[in-house]
Amino acid sequence: MRPSGGTIDDSFLTEIKNTQNRKLSQKQKTLSCQFSIGDQLSPWPTYTTDQTILHNRKPCSYDYRKRAGSWQKQPLGITKPRYLEQLENYLRKELLLLDLSTDSTQELRLQPYREIFDFFIEDFKTYKPLLSSIKNAYEVMLAYQREKIRALEPLKAKLVTVNEDCNERILAMRAEERYEISLLKREKMNLLKLIDKKNEEKISLQSEVSKLRKNLAEEYLRYLSERDARKILIADLNELRYQREDMSLAQSPGIWGEDPVKLTLALKMARQDLTRTQMELNTMKANFGDVVPRRDFEMQEKTNKDLQEQLDSLRSDYEEVCKEHEILLQLHMTTLKERDQFHSELQEIQRTSTPRPDWSKCEDVVAGGPDRWQKLAEGKNSDQLVDVLLEEIGEGLLREKDFFPGLGYGEAIPPFLRYDGFVENKKPSKKDVINLLKDAWKQRLVEEKEKFPDFFFSFLEHRFGPSEAMAWAYTIFENIKLFRSNEVMSQFYAVLMGKRSESVYIKQKETVAQLLKEMTNADSQNEGVITMENLSTVLKSNFPFKKEEKIQELMEEGGWHPNSSNADLLNYRSLFIEDEEGQSMPFVQKLWEQYVDEKDEYLQELKQELGLELYDEVTLPRLREALMNIDPGLDKQTLNGYLSRAFQLPMTELPEEGEEKEEGIVVRLKIALERLQMTDIRRMGSQEQEPTS
């Protein structure tokens, strides 16, 4: 019997049992005569043993009453039986002989007890099977626990190593943080010094303004004194001039001959004029005593204006310096965060990065040798090469399987895989699977009534019969799940599992067929060739909303290069050829890649137009408005098709524009974008086009 926590080899258990049996046989020969008397065990007080054993028995039982009566009859002075004493002496001697200084002391202490228990097993013939099974169960569990302890010892050492590594990293990070803190402190001191310097400049400018104001007041008082002195001087000069005139009149001989009355009257009038003039002079002094001359005032006003402009300029410069200082602090903090983030990313990359593999080693492993590996690896990156290698390994494993286990009838199981039991692996070739999938697509274009998984199973039943349909369903499913790099298989798998709408595949095939048709029409001579100019015209007419660089990429895949002229001929039919595994030419592959990229750009533009997070809810009117804003060329039917897909509603149940309620139908934005990603969605008009009413 094995414990549930682990498994132990039967050979190991057998070896333990054989070893113990050999030891027992040797010791039984020497101790059988000592530990048993006439093959019978010596009874030693029975009531004592029964008392310890029968604690859990009901007092009303017959056995209990019988043994209780026997206890009273037993004498109290009976000694231990010789068999029990010999066992105890043997156990004591074995324990004294053990070396308790080693690490396996507990294991050694169990061995004497094992031997005593083996003696009991051998002597109790009736209970030997039960006691042996009990002993074996304990031995198995002890062996399992020893194995578990041995397995955990390396983990303990690894834990110690990891702990030391983490401590070293913590110390290194603390040292780095201390260094960064010292740098920040030095930078803080430099900035504080700069602020103090600016404050000192501000104080010096204020003191200079105060000094200029004081000088202005002194100049004003000086000019006022000069004006008063000038007026007094003018008055003195006039008085002297009048005195000179009076003296000249007195000395002139002709004056004495005039009439004295006339002279007296003239003198009186002159005195009156002098009095009036003096009064006017006093009035002017009283009115304009504090007036500054206009020239001085304008000069001082200009000086004051210049100083004020300088002060405003310095104040604005100071404010700009403060703003720049704050911006630099924010930039410094952002730089520190980015540095920490980049440092952690660098450590993570250094920890998880692995050297680039040498893919040339696969040449001798892959079937087909170096030539086939070169063909498989051409133009692929490391991630794609891993997929190719996994497909090669998986193909070999798939070939080795003869049967597939059924997945059951759960709801999560696709309808065409619901089966219990084992189904046969038909082991078709990769080419056979691709041809079968192409036939299924041809049949699907004719019959579009059923859901695609149901159609697939019906197609297999019609093709191989009901008895073989399930085996072929499992076989095809395992193949298309494995070969993801194959274009036909990966697209069929995506549609079959509901990850992509079948309209995407159908529309892509229709686009390729339309291109081939138009290129054939451009080939008027039916020679299988067209000019590069014809190729450009066909591409622009079929894809009017593609950017010029996208058209150029398609032409380059078709064979155009910068040195080509428009008259160069192109074998257009070679652009649409498929190899035996269904892989398209680079031209068609580039067409599909551009379609996927344009769909991603379209949905990203839709998300930006909505301005919501992925887990926010979007209403039907808002999504309709956003689609019309980013793609004004959408017609009503196409728009309703997108909305029907996003909200999982039939087109007949969609409310008309203007009738929907703002809080009506809602869906999470992430779910809506995933649903639109699955369907055939593309731009129907140029981004510059205005919406039509």
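**Exercise 1. Work out which secondary structure residues 181-215 adopt in this predicted model, and how far apart the ends of the stretch lie.**

*Solution.* Start with the helix content: over residues 181-215 the chain is 100% helix. Strand accounts for 0%. Next, take the C-alpha atoms at the two ends, which are 51 Å apart. Finally, turn to the annotation: an unreviewed UniProt entry lists residues 181-215 as "coiled-coil region", along with residues 267-324.

**Exercise 2. Describe how helices α12 and α13 cross, and say which residues make the contact.**

*Solution.* A handy reminder before you begin: two packed helices are described by the angle between their axes and the distance between the axes.

Step one is to locate the helices: α12 covers residues 452-464 and α13 covers residues 466-482. Step two is the geometry, where the axes come within 8 Å and cross at roughly 125°. Because of that angle, α12 counts as oblique to α13. The handedness of this crossing is right-handed.

Step three is the contact itself. On the α12 side you will find Phe456, Phe457, Leu460, Glu461 and Phe464. Their partners in α13 are Pro466, Glu468, Ala469, Met470, Trp472, Ala473 and Ile476. Sorted by character, the contact residues come out as ten nonpolar, two charged and no polar.

**Exercise 3. Do the same for helices α18 and α21: find the angle, the handedness and the contact residues.**

*Solution.* Begin with the positions again: residues 586-610 form α18, and residues 669-678 form α21. Their axes are 11 Å apart and pack at an angle of about 155°. An angle over 145 degrees counts as roughly antiparallel, so α18 is roughly antiparallel to α21. The crossing of α18 and α21 is right-handed.

Now list the residues. Helix α18 contributes Lys599, Asp600, Leu603, Leu606, Lys607 and Leu610, while α21 supplies Leu669, Leu673, Leu676 and Gln677. By class, this contact of α18 with α21 has six nonpolar residues, one polar and three charged.

**Exercise 4. Decide where the predictor's confidence is highest and lowest among the elements of the chain, and find stretches with pLDDT under 50.**

*Solution.* First take the overall picture: the chain averages a pLDDT of 79, and 81% of the residues score at least 70. Then compare the elements. Helix α6 (residues 128-251) has the highest mean pLDDT, 89, and helix α2 (residues 46-53) has the lowest, 38.

Last, look for the low stretches. Over residues 1-10 pLDDT stays under 50, and the model has 14 contacts beyond four places in sequence for them. Residues 27-76 also have pLDDT below 50, and this stretch has 43 contacts beyond near neighbours in sequence.

Note on methods
Residues numbered from 1 in each chain as written. Predicted model: local features only at pLDDT ≥ 70, side-chain atom pairs only at ≥ 80, totals over all residues. Heavy atoms only, no water. Axes fitted to C-alpha atoms, helices over the stretch in contact; angles between N-to-C directions. Helix = DSSP H or I, 4+ residues; strand = E, 2+ residues; numbered from the N terminus. Parallel < 35°, antiparallel > 145°, perpendicular 65-115°, else oblique. Left-handed = near helix turned anticlockwise from the far one by under 90°. Contact = heavy atoms within 4.5 Å. Nonpolar A, V, L, I, M, F, W, Y, C, P; charged D, E, K, R; others polar. UniProt positions renumbered as here; feature names shortened; annotations may be inferred. pLDDT = per-residue confidence, 0-100.
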